[in-house]
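Visitor: I would like to know how the labels on a model like this are earned. Can we go through them one at a time?

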Amino acid sequence: MSSGLIFTLVLALIAVIIAYKGICVVPQQTAWVVERLGRFHVVLNPGLNFIVPFVDRVAYKHSLKEVPLDTPQQVCITKDNTQLSVDGVLFFQVTDPQRASYGTSNYVIAITQLAQTTLRSVVGRMELDRTFEERDAINHSVVSAIDEAALNWGVKVLRYEIKDLTPPSVILQAMQRQITAEREKRAVVAASEGKKQEEINIAEGEKAAAVARSEGEKQAKINVAEGQAAATVALARATAEALRQVAAATQEPGGMNAVNLDVAKKYVEAFSKVAGSSNTLVVPANMGDLASLVTSTLAIVKGGDAKSSAGGSPRA
C-alpha cells in the first residue's frame with residue numbers, strides 16, 4: 001500500500017471524526033449548554049446543530065420537562081411544640097439552561113433543601129390542628145419562597161404538594177379520643193334535642209286535644225241549651241195555641257157546657273183518687289154530697305166567666 005493511499009485514509013478518518021464531533025442532534029424538550037475553550041458559548045435548541053470539534057464541547061444537558069421531586073421526610077415542630085413528620089412532592093421545570101448550569105452547583109439539591117427549610121418555617125408558625133386544615137396555605141407558602149430564590153438558578157417551581165402529615169402515636173391516640181368524645185357529645189346533644197322535641201310535640205298535642213275537648217263540651221252544652229230553649233218555646237207556643245183554641249171553643253154554642261162538664265169530671269176524678277188513697281187528708285165536711293160540690297164548682301166557673309165577659313166587653 002502506498003504512502004499516498006494511507007495519507008488519504010487518515011484524512012478521511014479525521015474528517016469523519018470531525019464531522020461526528022461537530023454534528024449535534026438535540027432531542028425535543030432538551031437544551032444543551034456548549035462551552036468554547038472552557039467558557040459558555042451557546043445553548044443548543046432541539047434539532048440539528050453544529051459545533052467546532054475539539055474547541056466546543058457540550059458541558060451540560062438539561063431536560064425542559066416538568067420534573068417531580070420527592071422531598072425527604074422531615075420532622076417539624078409546630079407552634080404548640082408538637083413534632084410532626086412531613087414529606088411532600090415538589091414540581092419544577094428548568095426555564096434558563098445557562099443559569100441552571102452556572103447559577104448553582106446542583107439546583108436539585110438546592111431547591112430540595114430550600115423546600116425543607118421553608119416547610120419547617122411555615123409549620124412552626126401554625127398549631128397542630130391548623131396544619132391539617134391549612135395544607136393549601138402551606139403549599140402556597142413553600143412555592144412562593146422557593147420560586148423567588150430559584151430564579152437565580154434558572155428553575156421555575158410550579159407547585160408543592162404535601163403527601164403525609166404524621167404526628168406521634170401519642171398525639172394520634174389523643175386526637176382519636178378527642179374525636180370520639182366530640183362524636184359522643186354530638187350524639188348526646190342530638191338525643192336531648194330529640195327528647196325535647198318529642199316532649200314539645202306531646203305537650204302541644206295534649207294542649208290541642210284539651211282545647212278540642214273543651215270546645216266540644218262547650219258546643220254540646222250550647223246545643224243542649226238551645227235544644228231546651230227551643231223545646232220550652234215550642235211547649236209554650238203549643239200551650240198558648242191550646243189555650244186559644246179552648247178560649248175560642250167556649251165562645252161557640254154549648255162550649256161553656258163542655259167546659260163545665262170537663263171541670264166536673266176532673267173534680268170527681270180527683271176526689272176519687274183521694275178516697276182511694278190510704279193517706280190521711282183533711283177534706284170538706286160535705287165531701288159525700290158530690291152533686292152539691294159539682295153544682296158549686298159549676299157556679300164558680302160560670303161566675304168567673306160572667307165576670308170575664310163583663311170586664312172584657314163593657315157596655316156604653
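Visitor: How many disulfides are there, and what makes a pair of cysteines count as one?
Guide: The two sulfur atoms must lie within 2.5 Å. In this predicted model, the count by that rule is zero disulfides.

Visitor: Why is cysteine 24 called buried?
Guide: Buried means under 20% relative accessible area. Cysteine 24 has 7% relative accessibility, so the word applies. Cysteine 76, at 0%, is therefore buried as well.

Visitor: What makes phenylalanine 40 and tyrosine 102 an aromatic pair, and which kind is it?
Guide: Ring centres must lie within 6.5 Å, and planes over 60 degrees apart count as edge-to-face. For phenylalanine 40 and tyrosine 102 the values are 6.1 Å and 80°, so the pair is edge-to-face.

Visitor: Why is this pair said to tie parts together?
Guide: Phenylalanine 40 is in strand β3 and tyrosine 102 in helix α2, so the pair links parts 62 residues apart in sequence.

Visitor: Which label does the pair of tyrosine 60 and tyrosine 102 get?
Guide: Their ring centres are 5.6 Å apart with 85° between the planes, which makes this pair edge-to-face too. Phe40, Tyr60 and Tyr102 form one aromatic cluster.

Visitor: Is tyrosine 60 buried, partly exposed or exposed?
Guide: Partly exposed lies between the 20% and 50% limits. Tyrosine 60 has 32% relative accessibility, so it is partly exposed.

Visitor: How do you know that lysine 61 sits over a ring?
Guide: The distance limit is 6 Å from the ring centre. Lysine 61 lies over the face of tryptophan 32 at 4.2 Å from the ring centre.

Terms used. Residues numbered from 1 in each chain as written. Predicted model: local features only at pLDDT ≥ 70, side-chain atom pairs only at ≥ 80, totals over all residues. Heavy atoms only, no water. Buried < 20%, exposed > 50% of the residue type's maximum accessible area, 1.4 Å probe, protein only. Phe/Tyr/Trp six-rings, centres within 6.5 Å; stacked < 30°, edge-to-face > 60°. Helix = DSSP H or I, 4+ residues; strand = E, 2+ residues; numbered from the N terminus. Lys NZ or Arg CZ within 6 Å of the ring centre and 35° of its normal.
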